[in-house]
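This report describes a metal site and a helix pair. The sequence and the structure are shown below.

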Amino acid sequence: MSGLTMSDYASDGSRNGKKEALMNRLLSIKSKLEDNGVDGMLVSKRENFMYLSGFTGSFSYLVITANHSILITDGRYNEQAAQQAPFFEIVKYTKGINAELNEIIKKCGIRKLGFESLHLSYDKFLDLKEKLEVEELKPLKNVVESLRVVKDEEEINLIRTAVRIADEAFSHVLPYIKPGVSELEVAAGLEYFVKKRGGEGASFKTIVASGKRSSMAHGVASEKLIEDGDPVVLDFGAVYRGYCSDMTRTVFVGRKPCAKMEEIYNTVLTAQVEALKRARRGMTGKEIDSIAREIIKGAGYGDNFGHGLGHGVGLEIHEDPSVASSETAIEKGMVVTIEPGIYIEGFGGVRIEDMIVMGDDEPIVLTASPKDMIIL
Ligand SMILES: [Mn+2]
């Protein structure tokens, strides 16, 4: 096995870079409290507390005020939280979360506490509303997410590694794609390799869609055996230190595809490459989407491209900004996918997907796997 090892991956993002990033994120969220009409914020969504504190456990509440940064978790995570979240006071709750929160509310003098209304269950909300000693419990949306939409250098480095692991998994698995092998076995090969290279696992349920199944845009790997002449859509990604990657390639088994499939492949490839070439910093998601969409329409397949061109990727596999109907401008440091496809029921489909980070003016393409037609 040649190529990179774990220690190469460990060298990206120094410890100090990470600390500096965490400090900047914490300062940014503190500067948002007043604008949102609160003097404290309760953060409960996992990706959001990971982003702000560095803590990667499964459960935590952060309480953030101008002068306090407190991370509440349970006994399982004491040591880990102290190591991972250098700028937070760690509180292990013992007497019930509400009692602990009330002590913190008192200590920090919180009167208006914001919470993440998209992520707190209705029952939990009722419970907090009844028990917490605050004047107001204020629902807030997308406060942390609005910071996460532009990636800092630390995040871009981790995403680059997640992309590289997926690229390497793709070339690793190509020799195993042959008649008689099941889609699930190909998916297993990809996922095994991701972990072998230091990834935590797949960033979503791996898609391996062969033959006619390739017309299903989300054809999760099945027991179907790959056959001679099949197109195979491979859409997968890696998670590296919490950050996701996402890529798609469509390959052909045994022989060159028929003329119609070749035309579809070339149309998708042209649409994808032109979108990468013509996208500019500050264009809206919709404008970038329409570059690819017009090309596919022009070739007569407009009705067969039934999804948006792309989506944001970071701690979550699908996050803002969307590259579809959105009027959100794609700014420097935003990371998105560019993934046009054409799908014909009963015949097959093609999708090609790269990840980009928007640069000073043009996108920087992160995915490195070849896009010219591969016949195995
Ligand atoms: Mn995608």
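Does H311 count as buried or exposed, and at what relative accessibility? In this predicted model, H311 has a relative accessibility of 10% and therefore counts as buried, the cut-off being under 20%.

**The manganese site**

H311 is one of the protein donors of the manganese ion, together with D246, E339 and E353; these donors lie 2.0 to 2.3 Å from the ion. D246 contributes OD, H311 contributes NE2, and both E339 and E353 contribute OE. Along the sequence, the donor residues follow the spacing D-x64-H-x27-E-x13-E. H311 belongs to strand β13 (residues 310-312), whereas E339 is in the loop between β15 (335-338) and β16 (341-344), so this pair ties together parts that are 28 residues apart in sequence. E339 is also buried, with a relative accessible area of 8%.

| Residue | Donor atom | Relative accessible area |
|---|---|---|
| H311 | NE2 | 10% |
| E339 | OE | 8% |

**The α8 and α9 helix pair**

Helix α8 spans residues 153-173 and helix α9 spans residues 183-196; they pack at an angle of about 135°, and their axes are 9 Å apart. That angle makes α8 oblique to α9. The crossing of α8 past α9 is right-handed. On the α8 side, the contact involves I165, E168, A169, F170, H172 and V173. These residues meet V186, G189, L190, F193 and V194 of α9. By class, the contact comprises 8 nonpolar, 2 polar and 1 charged residues.

Terms used:
Residues numbered from 1 in each chain as written. Predicted model: local features only at pLDDT ≥ 70, side-chain atom pairs only at ≥ 80, totals over all residues. Heavy atoms only, no water. Axes fitted to C-alpha atoms, helices over the stretch in contact; angles between N-to-C directions. Helix = DSSP H or I, 4+ residues; strand = E, 2+ residues; numbered from the N terminus. Parallel < 35°, antiparallel > 145°, perpendicular 65-115°, else oblique. Left-handed = near helix turned anticlockwise from the far one by under 90°. Contact = heavy atoms within 4.5 Å. Nonpolar A, V, L, I, M, F, W, Y, C, P; charged D, E, K, R; others polar. Donors = N, O, S within 2.8 Å, 3.2 Å for Na, K, Ca; no water. Buried < 20%, exposed > 50% of the residue type's maximum accessible area, 1.4 Å probe, protein only.
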